[in-house]
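Q: Hi! Could you walk me through this structure while I have it open?

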Amino acid sequence: MYVAVKGGEAAIANAHALLADRRRGDRSVPALRLDQVVEQLGLAVDRAMGEGSLYDKELAALALLQARGDLIEAIFLVRAYRTTLPRFGYSQPIDTAAMLIERRISATFKDLPGGQMLGPTFDYTHRLLDPSIVGDDVAAPITREAEAEQAPRVTDLLGRQGLMEPDGETGPDHEVGDLTREPLDFPLNRDLRLQALARGDEGFLLALGYSTQRGYGRTHPFVGEIRIGEVEVEFDVPELGFAVSLGRVKVTECQMVNQFKGSAKVPPQFTRGYGLVFGQAERKAMAMSLVDRALRAREFGEDIVAPAQDEEFVISHSDNVQATGFVEHLKLPHYVDFQAELDLIRRMRAEHDAANLKEAAE
Amino acid sequence: MNAVASYNFAYLDEQTKRMIRRAILKAIAIPGYQVPFSSREMPMPYGWGTGGVQVTASIIGPDDVLKVIDQGADDTTNAVSIRAFFAKVAQVATTTHTADATIIQTRHRIPEKALGEGQILVYQVPIPEPLRFLEPRETETRKMHALEEYGLMHVKLYEDIARHGRIATTYAYPVKVEGRYVMDPSPTPKFDNPKMHMSAALQLFGAGREHRIYAVPPWTEVVSLDFEDHPFEIQHFEEPCALCGAEQVYLDEVILNDRGGHMYVCSDTDNCEERREAGHVGSLGVKEAAE
């Protein structure tokens with residue numbers, strides 16, 4: 001006699017064993033080492049660190065390997081580890097003006113103090129598959145002495161002339177929020193919104209940013225500056241009375257310069273959209289800055305008409321770990337609820353048929 | 001566990017547990033009110049019961065006996081997985097017997113056997129907001145709860161009657177708790193709603209992805225919304241369980257072949273097993289071998 005399916009521990013254990021086998025693949029092919037992943041799949045590692053909200057290349061590489069290269073799964077692994085770590089405190093704000101720059105471009109000025117620096121970019125490559133990269137023979141890049149010239153942020157240059165709104169001020173009593181410690185409470189302040197965007201899904205933010213360019217909440221953006229490089233992370237130690245350096249992290253910063261007409265009180269000036277992401281993640285930083293600016297609609301008294309301007313919509317759906325969980329949970333058993341629906345639809349159909357029969361008889 | 005990665009008792013660190021316990025206490029103090037809490041990422045995905053797991057992790061002690069069910073069954077894959085998780089990280093005793101458990105974590109069902117004092121039922125909740133599908137914005141629904149403005153819900157139920165001749169909500173059927181808050185009972189079939197009313201057990205609800213905890217304390221009034229001329233009613237099954245012959249229980253339909261053949265069996269597997277052990281036999285059941 002057939003009896004309802006037993007899920008069972010054996011089935012789960014067997015599935016995990018099969019997964020482990022498929023993850024490793026053909027045993028005659030050497031296993032990947034973590035340093036190989038860190039060195040040769042660097043941008044995937046950066047994305048896992050950025051959306052996983054944990055700066056550790058080796059752990060991110062491990063997560064990628066364990067996830068068989070599935071980025072969202074890797075991000076989930078990193079997050080689930082991060083949440084178990086004790087919280088010592090908060091670092092000082094990083095100073096991106098003092099960045100050791102690897103790439104720095106501005107689309108608003110042809111030349112500027114510190115110069116333009118392309119850095120390791122795909123931008124002007126021809127997207128032709130290149131079988132010659134398979135192997136170890138890659139020429140070393142050309143190096144030259146660093147110039148002593150400072151590279152101030154473009155937004156600061158504009159700000160000095162009063163053309164750019166100042167960096168957002170938080171009131172003296174405002175404590176910077178922490179979305180990993182407090183539940184989100186809409187409407188949000190910009191600090192929490194930026195935190196949510198920084199760990200938000202790249203694809204989702206990309207699509208939203210794109211939508212603003214196509215007229216759904218237009219913001220007239222210019223890339224004031226994108227800079228990628230390493231910054232120092234400093235931590236205030238109360239016992240010492242001064243900040244000590246914890247090390248360097250690589251970040252990507254995008255400052256979007258947007259139009260703003262001004263008002264009776266404020267003279268016309270440009271407004272900003274801001275993006276800051278761990279590692280080299282230019283697409284994400286740009287999309288983030290577009291969405292940040294769009295979400296400031298309320299602050300500037302703009303009409304909220306487009307999805308990208310809708311804070312609750314954007315922030316509630318930007319986290320890919322949450323999104324993938326809820327979408328994928330549909331594959332869990334729902335037969336109790338489905339049974340309830342089946343019962344109802346059968347009853348309704350029976351009534352429908354009875355009514356039709358009665359009508360036909362009359 | 002080795003030194004590379006060691007975890008606290010029941011996985012969560014003590015600060016997090018305290019934060020969640022505070023939310024639980026507040027939830028008990030205001031029955032049916034959704035308390036925001038700072039939900040953590042758990043080692044299982046959102047949607048797999050992270051809210052329930054966090055609630056259980058915060059209240060479980062070494063002496064507790066845990067039962068986990070999904071769709072009423074102890075042997076559903078996710079129930080097996082969550083039970084194994086707590087057996088590993090909290091080394092607690094587990095059981096499939098409803099009466100033996102001090103904590104029962106559940107997804108989509110309430111056990112058939114009435115729960116007793118001292119037992120805690122922890123629900124896994126996907127969407128805690130009963131008004132969500134009428135009003136997608138949290139800022140709005142919070143206001144509606146604060147003002148006790150539940151007219152929209154009654155309009156929805158009324159529209160069901162106008163369109164289908166009856167209230168077409170079969171699961172996650174909204175209830176009013178202690179005459180104040182309208183609450184989502186989680187996606188349990190409405191068959192289970194009456195069990196929540198004046199239950200001797202403490203009922204806790206955890207929604208991890210949505211960052212909400214709510215509660216129904218023991219001996220609390222839980223009323224399913226309805227109209228005088230369309231009173232609330234639960235599902236009735238035409239036939240009893242094919243294995244144990246139980247009536248007045250919730251049944252799963254099992255498809256036997258591609259010619260429409262099917263059978264109904266108890267959704268609550270523990271209840272079914274206990275009945276069969278006690279000698280009850282359904283139309284397709286096998287008499288337990290005498291011991």
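**Domains, helices and cores**

A: Happy to! The C-alpha centres of domain 2 and domain 3 of chain A are 54 Å apart, with domain bounds coming from an automatic or database domain assignment. This is a predicted model: local features need pLDDT of at least 70, side-chain atom pairs count only at pLDDT 80 or more, and totals for chains, interfaces and linings use all residues. Residues are numbered from 1 along each chain as its sequence is written, while chains are lettered from A and ligands numbered from 1 in the order in which they are written.

Q: Which residues go into each domain of chain A?
A: Domain 1 covers 9-82, domain 2 combines 96-118, 148-167 and 177-324, and domain 3 is 332-361.

Q: How many helices and strands does chain A have?
A: Chain A has 12 helices and 4 strands. These are DSSP runs numbered from the N terminus, with helices being H or I of at least four residues and strands E of at least two.

Q: And is chain A compact or spread out?
A: Its radius of gyration is 26 Å, well over the 21 Å from the globule rule for 362 residues, so chain A is more spread out than a compact globule. The radius is taken over C-alpha atoms, and the rule is 2.2 Å times the number of residues to the power 0.38.

Q: Cool. What about H12 of chain A, how far does it reach?
A: Helix H12 of chain A (335-361) has 27 residues and spans 38 Å from first C-alpha to last, close to the expected 39 Å. The expected span is 1.5 Å times one less than the number of residues.

Q: Which of the H12(A) residues are buried?
A: Val336(A), Gln339(A) and Ala340(A). Buried means 20 or more other C-beta atoms within 10 Å of the residue's own, with C-beta atoms placed from the backbone.

Q: What do they pack against?
A: Strand E11 (251-255) of chain B.

Q: How many residues does each chain give to the contact?
A: Chain B gives 46 and chain A gives 42, where contact means C-beta atoms, placed from the backbone, within 7 Å. On the chain B side, H3(B) gives the most, with 5 residues.

Q: Switching topic: which residues have the most contacts inside the largest nonpolar core?
A: Ile24(B) and Ile213(B), in a core of 51 residues. A nonpolar core is a set of buried Ala, Val, Leu, Ile, Met, Phe, Trp, Tyr and Cys residues joined through C-beta atoms within 7 Å. Apart from it lies another core of 49 residues, including Val45(A) and Leu295(A).

Methods: Buried ≥ 20, exposed ≤ 12 C-beta atoms within 10 Å, placed from the backbone. Contact = placed C-beta atoms within 7 Å.
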